[in-house]
Amino acid sequence: MVIGLGSGLASDMAIQYIGLQLGAGALKDIVGIPMSIACASEAAKAGIPLGHYEYCSQIDFAFDDADIIEEGTLISVIGRTRNQGEESIIQEKSILNGANKLVFMITENQYKSGPDGSIPVLVNSLNWLQAAEEIDDLFLGDAEVWRRPSIGIAGPNGGDFPLVTKEGHNVLDVIFTSPILSLNEVSKSLDEVDGVIDHGIISKFPCTAVIASESGLSVVDNLPKNAVKEP
């Protein structure tokens, strides 16, 4: 079985669990496809055999932490807080979208109707300002557009040291100051902006969210009749 290995606190715990199950003989014939350098390191320490997503024709199952998930649709946002210089939203999304089954793990305050906060957008570094201005016009009054810095304090221009991803792109943080009515509509609008390479919005069907709260765990699927069941 080929498993896409995500990044974040919950994903790290899942990776450690898989490693323990492999060591005990309860699991076998597992290959992990890491979504980041950090999770590749965690998986190697856990003893999980690793492959490369470029050479993988099929991913059976993938799990990841999400920054926020839209209630009902399970459309998710990733890449808000991670330093994307060495990591890759493009690689992470490719693995998530390519998986036959996908699970996101979040806390209950990350699962909401009308989500807000930032959405990372990858743009061509040569014409990043043009793309930023077009995005600013799209969401005028609802969001601010800042270029992410590699070091120092964030600001509209990314300071003197703007972040450059390993693919050579800049990251714009589109920071929504009011609730987003539809992440799907935001995604479609961003896709039409000249210079936008990709963004942190993921719309995947089918998809499952595991939501942790003080009272326990709940599992939500984005099936037509959105079923919630206690594990």
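1. A quick reminder before the rings: buried means under 20% relative accessible area, exposed means over 50%, and partly exposed is what lies in between. By that yardstick F61, with a relative accessible area of 21%, comes out as partly exposed. Keep in mind that this is a predicted model.

2. How many aromatic pairs does a search of the whole structure find? There are two. In one of them, F61 and F63 sit 6.2 Å apart centre to centre, with 45° between the planes, and the pair is tilted. F63 has a relative accessible area of 4%, so this partner is buried.

3. The rings of F139 and F176 also pair up: their centres are 5.1 Å apart and their planes stand at 65°, which is why this pair counts as edge-to-face. Angles over 60 degrees get that label. Both F139 and F176 are buried.

4. Where do these two rings sit, F139 and F176? F139 is in the loop between α4 and β9 (143–147), while F176 belongs to strand β10 (residues 169–176). The pair therefore ties together parts that are 37 residues apart in sequence.

5. Now over to the charges. On the surface, E133, E134, D137 and D194 gather in a patch of negative charge. One of these, E134, has its place in helix α4 (residues 128–138). Is E134 buried, partly exposed or exposed? Its relative accessibility is 31%, so E134 counts as partly exposed. For a patch, the bar is over 30% relative accessible area.

Conventions. Residues numbered from 1 in each chain as written. Predicted model: local features only at pLDDT ≥ 70, side-chain atom pairs only at ≥ 80, totals over all residues. Heavy atoms only, no water. Patch = residues over 30% accessible without salt bridge, like charges linked within 9 Å, V, L, I, M, F, W, Y side chains within 5 Å. Areas by Shrake-Rupley, 256 points an atom, 1.4 Å probe, with all protein chains shown as cover. Salt bridge = Lys/Arg side-chain N within 4 Å of Asp/Glu carboxyl O. Lys, Arg positive; Asp, Glu negative; His and termini not counted. Charge placed at Lys NZ, Arg CZ, Asp CG, Glu CD. Helix = DSSP H or I, 4+ residues; strand = E, 2+ residues; numbered from the N terminus. Buried < 20%, exposed > 50% of the residue type's maximum accessible area, 1.4 Å probe, protein only. Phe/Tyr/Trp six-rings, centres within 6.5 Å; stacked < 30°, edge-to-face > 60°.
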